Amino acid sequence: MKYAEIRVEPPGPKAKKIVEDTMNTLSPSIDRFYPLVVDSAHGCLVKDVDGNTYIDMNSGLGVLSVGSTPREVVDAVTSQAKKFIHYSYTDFYYQNVTSLAKKLFEITPGTFEKRAYFGNSGAEAVEAAIKLARYHTKRPRIMAFTGAFHGRTMGAVSLTASKTKQMRGFSPLLPGVTHVPYPYCYRCPFGKSYPDCGYFCIDYIKDQVLDKYVPADEVSSIFFEPIQGEGGYVVPPDDYFKRLQKIAKDNGILLVDDEVQSGMGRTGRWFAIEHFDIVPDMILIAKGIAAGMPLSALVTGKDTMDWQPGAHASTFGANPVAVESALATISMIEKKKLLQNAEKLGRHMMKRLEEMKEKYEIIGDVRGKGLMVGVEIVKDKKSKEYGVKEMQSIIDYSWKHGALLISCGKSTVRIFPPLIMEQDMLDEGLDIFESAVKLNNKS
Ligand SMILES: Cc1ncc(COP(=O)(O)O)c(C=O)c1O
């Protein structure tokens, strides 16, 4: 081991105490992967309160694309904090927000004139998009996908369809939301197989949903993740979004691309939708935008963002310190050529994982783009029965041996390290993961 170092079996005594305090003080609604208690984090390494060092294979839930506490970001944040920390951009003006908006216009798909709205979290970007889509189209309905995760606020959770525990007890949710099956080809919801299916899932939306029970001219928007995140790191087939866009265009429906998890260079492009060669009507950004400072953005065409003064705002949106952090983050991604690194390292990771898939019966599927990769764990390749216990055991073992991996979907391990990671560190993390797989493999 070169990077990870386990000195005390985690959770160590200090961690146990903090976990106990947490249980006695904070909301029980928060469901954690394992009791990691962070003390400090630098680059791609995380130290816990008992002195153990781990390799960050999840970027602090997809946020730390440029790693933890990078000097460029810390300097930018510190310098802005000394000037002013807050002065409500919803009520007054300051300059750096416009620089960030212009930068986002440059890196988001589409060359038309754009406008940006800033909030603090992914869910806030989703809420803004729900309202704007209704406002602009004057249509009430929304479509989203099964397996989707768009957040936990009332509107966002209404579009979410990933796990029932996220909505149980909160009904009635937003009315007028229809979920359609996501193209999860490894487990096709229609029991078909790609490419022989001929994109049956697209015909289903057209011929069944929009023709029979959801009047297309009442639908404002279709919300989608270009690669489904919480739902299991599911990658749709190449032509899927072109076909979806045709349905949307034919019916005057806006396509809202939720890139909260897949954006900001994670897949080797600024935005995952670029792999599918379409330009969506709205794009939602959060997580990786500002190196851990709370910030989110909705970017759309000038003509689409036609709501009136007073229609929507947020006191803390576009906090100037978070904006400086975002500008420094984007500049780091450009200067350090992190899109290229994500693509190169992603290719290397896929190759290693494909080799593991050949070797181990419990690896059912490996999928992803760049540094957004999922490994679906099954009981065996033939039955494809979800390997829930095995997956949990793999992420527990990895944590205890120095690699911070987490899950998604029912039994998928997601691997999404910071974009600054280098190959030898990634390999060490993957070695730990492979030992965990080997231990859980039956044959
Ligand atoms: C695709 C997607 N959209 C929205 C959200 C919600 O973001 P937040 O937790 O910042 O509200 C998430 C969070 O994981 C996400 O993955």
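A residue counts as near a molecule if one of its heavy atoms lies within 4 Å of it. In this predicted model, 13 residues stand around the ligand. Gly122, Ala123, Arg152, Asp258 and Gln261 come nearest. By residue class, the shell divides into three nonpolar, five polar and five charged.

Polar contacts come next. Both backbone and side-chain atoms of the protein take part. Start with the backbone. Ala123, one of the nearest residues, places a backbone N or O atom 2.8 Å from an oxygen atom of the ligand. Phe149 also uses a backbone N or O atom, which lies 3.4 Å from a nitrogen atom of the ligand. Lys287 contributes through its side chain: an N or O atom there is 3.2 Å from an oxygen atom of the ligand. How much of the ligand's surface does the protein bury? Taken alone, the ligand exposes 390 Å², and 88% of that is buried by the protein.

Now step back to the whole chain. Its secondary structure comes to 12 helices and 15 strands. The C-alpha trace spans about 60 × 60 × 45 Å along its principal axes. The radius of gyration is 22 Å, which agrees with a compact globule, because a globule of 443 residues would have a value near 22 Å.

Contacts and burial fill in the picture. Take contacts between residues at least 6 apart in sequence: 74% of them join residues at least 24 apart. Of the 443 residues in the chain, 55% are buried. The accessible surface of the chain comes to about 19,400 Å². Carbon and sulfur atoms account for 53% of that surface.

Technical notes:
Residues numbered from 1 in each chain as written. Predicted model: local features only at pLDDT ≥ 70, side-chain atom pairs only at ≥ 80, totals over all residues. Heavy atoms only, no water. Polar contact = N/O pair within 3.5 Å; in protein donor to acceptor, adjacent residues only side chain to side chain. Areas by Shrake-Rupley, 256 points an atom, 1.4 Å probe, with all protein chains shown as cover. Nonpolar A, V, L, I, M, F, W, Y, C, P; charged D, E, K, R; others polar. Helix = DSSP H or I, 4+ residues; strand = E, 2+ residues; numbered from the N terminus. Rg over C-alpha atoms; globule rule 2.2 N^0.38 Å. Buried < 20%, exposed > 50% of the residue type's maximum accessible area, 1.4 Å probe, protein only. Contact = heavy atoms within 4.5 Å.
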